[in-house]
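Dear colleague,

I am passing on the structure we spoke about, and below it I have set out what was found. Please read the notes with the sequence and the coordinates open beside you.

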Amino acid sequence: SDVRTEWGAGGAHAYSQPGSVQSPRGHPSSRSAGKLGDAVGAVKPGGAAPASNQWPPKLQLFVERAFKQCITEYERECMQTTLKGVIQYMSVSSKLWSTDWDTYPLPRVANASGKVDGRTAKQQQMAEAQKKKKRKMPLMHSGEDETHQEKEAREKRHRRFMDMEGGGSKCTTTTNQLGGDEDQKFISSEAVVGTCMDMDKTYTRLQSVPDPDKVRPERVLARWAERLKEKYESEEHDWEWVTDQFKAVRQDLHIQHIRNAQAITIYESNGRLALLEDDFAEFYKIQSYLAGLYSENAGETENEPEFLAYRLFYWMLNNNTLDFTKDVRAMPKDLQQHEFIAHARKVHEAIELSDYVTFLRLYETTANLGTCIAKPLRERMRLKALRVVLRAYKPSVPLSFLQHTLGFKVRDALDDMLNKTCSDDSDDDDDDGEGWAEFATSSCIQSVSGDLESVDVKATLEALAAQ
């Protein structure tokens, strides 16, 4: 008969049938120790179990403890398969002797229904994953298990959230203006009345509840905003310093909950300077806050259409048709028909249709500082127009026709334009010599050999394709 070694609590014992397990006294046992030979039979070719001295003693005890969990023959077979996989992996990985088998977790027992401890294998996997997730997450208490400190902290967070939500549009615009919740969490729902008379103040994020002695009142902020405009226009300070000062002004306004017509005037001044400097990131914060101020002070300012048009141009600059449409639909009918808003909507339509002729015509009639935002849009449309014209006219196109089609006023030869020579009768440097020279260089416009007044279509297209 096939004699194998069984590792039990009483040492090694012999038995003759692999299907039955003998106790140390020779009687069958329904709950017996495990067989290391059966557990590792898959490691060696042919399924033969190696000698016991080739395995760590602690591994033999580990197998014994694993089989002691089994009651039925089915459970022993499942355990044997599981242990074969574990030991084979450890053997291939050369970890049999380095593993601490005394602390290594025992395999779960599977019954005839395919369940582990009353659960299916899939349910067991889900339970293990849930336990790992809970260990990674911070401990949260509720009900009776919640401590007094935790309850107080939760209520404090709730009150701060209510303060942020209480102002409607204030919550969104505040976050955009001050850069997030770092400042907002220190601002109370009750306004602070500033007493500081110093005008110059550097912007810093709030690290504690605002001190009234360091907050400037409304009259000082209004006077300082006018001074900042003068300093910018006289170039006494650069834009970086001016915008830092304006951010401090806006912070003091928000701390004191000043959201009246005077606040609108200050924000509008800051917004115009940001447009002049092409600082669209700062302008976005300002116009976002202005949207809330306009809704709270309806009819108290005449500049709302102007800045709403700027907002629409900003959405066009970022190819954000969704927000453009939302803003237009949210406007009253009379505001939608305002000349500034109607003009912005026509520009948007021309861009969507790639109608460069209409766009360039509308660009010339853009009011106020809308051209500051529309200028990058014009460069995009000019490049689209250039590709259309080059594909439509072959083998060459007159330089004067191309310049006129793209909205340039210059008539100088192509070589002069590439050397940034400005025409004597030019009305605007950006629209004439300088602008054309930059555009011609970036667009790789090539002249016909021997004819500087004509553009070589094939060479220009090839140069554009190579970019």
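What follows covers a pocket, a residue in one of the helices beside it, and a small group of strands.

Please keep in mind throughout that this is a predicted model, and that the values below were computed from it.

The pocket

The largest pocket holds about 310 Å³ of space. Its lining is made up of 14 residues, of which E304, L308, D327, A330 and M331 are the closest to the centre. If you would like to trace the lining along the chain, three helices, α11 (280-296), α12 (304-317) and α13 (321-330), each contribute at least two residues to it. Sorted by class, the lining comprises eight nonpolar residues, five charged residues and one polar residue.

A residue in α13

Helix α13 also contains T325, and you may want to know whether T325 is best called buried, exposed or partly exposed. Its relative accessibility is 29%, and T325 therefore counts as partly exposed, since that class runs between the 20% limit for buried and the 50% limit for exposed. Although T325 and L312 are 13 residues apart along the chain, their C-alpha atoms are separated by 9.0 Å.

The sheet

Further along the chain, three strands make up an open sheet, arranged in the order β5-β7-β6 with antiparallel pairing. Why do β5 and β6 each have one side without a neighbour in the sheet? Both β5 (396-398) and β6 (447-448) stand at the edges and have a single partner strand each, so one side of either strand is left without a neighbour there.

The partner of β6 is β7 (residues 451-456), to which β6 is joined by two bridges, the two strands running antiparallel; within this pairing, S447 has V455 of β7 as its bridge partner. On the other side, three bridges join β5 to β7, again in an antiparallel arrangement, and here V397 stands opposite V455 in β7.

Finally, helix α21 (residues 457-466) packs on the sheet, where α21 touches β5 and β7, and the direction of the helix makes about 55° with that of β7.

With best wishes

How values were computed:
Residues are numbered from 1 along each chain as its sequence is written. This is a predicted model: local features need pLDDT of at least 70, side-chain atom pairs count only at pLDDT 80 or more; totals for chains, interfaces and linings use all residues. Side-chain values use heavy atoms; hydrogens and water are left out. On a 1 Å grid over the protein atoms alone, a cavity is a set of points where a 1.4 Å probe fits but cannot get out, and a pocket is an open set with protein on both sides within 12 Å along at least five of seven lines; lining residues have an atom within 4 Å of a point. Grid points are joined across faces, edges and corners, and a volume is the space filled by probe spheres set on the points. Helices (H or I, at least four residues) and strands (E, at least two) are DSSP runs, numbered from the N terminus. Ala, Val, Leu, Ile, Met, Phe, Trp, Tyr, Cys and Pro count as nonpolar, Asp, Glu, Lys and Arg as charged, and the others, Gly among them, as polar. Two strands pair if DSSP finds at least two bridges between them. Contact means heavy atoms within 4.5 Å. Axes are lines fitted to C-alpha atoms, for helices over the stretch in contact, and angles run from 0 to 180 degrees between N-to-C directions. Buried means under 20% relative accessible area, exposed over 50%, partly exposed in between (1.4 Å probe, protein chains only).
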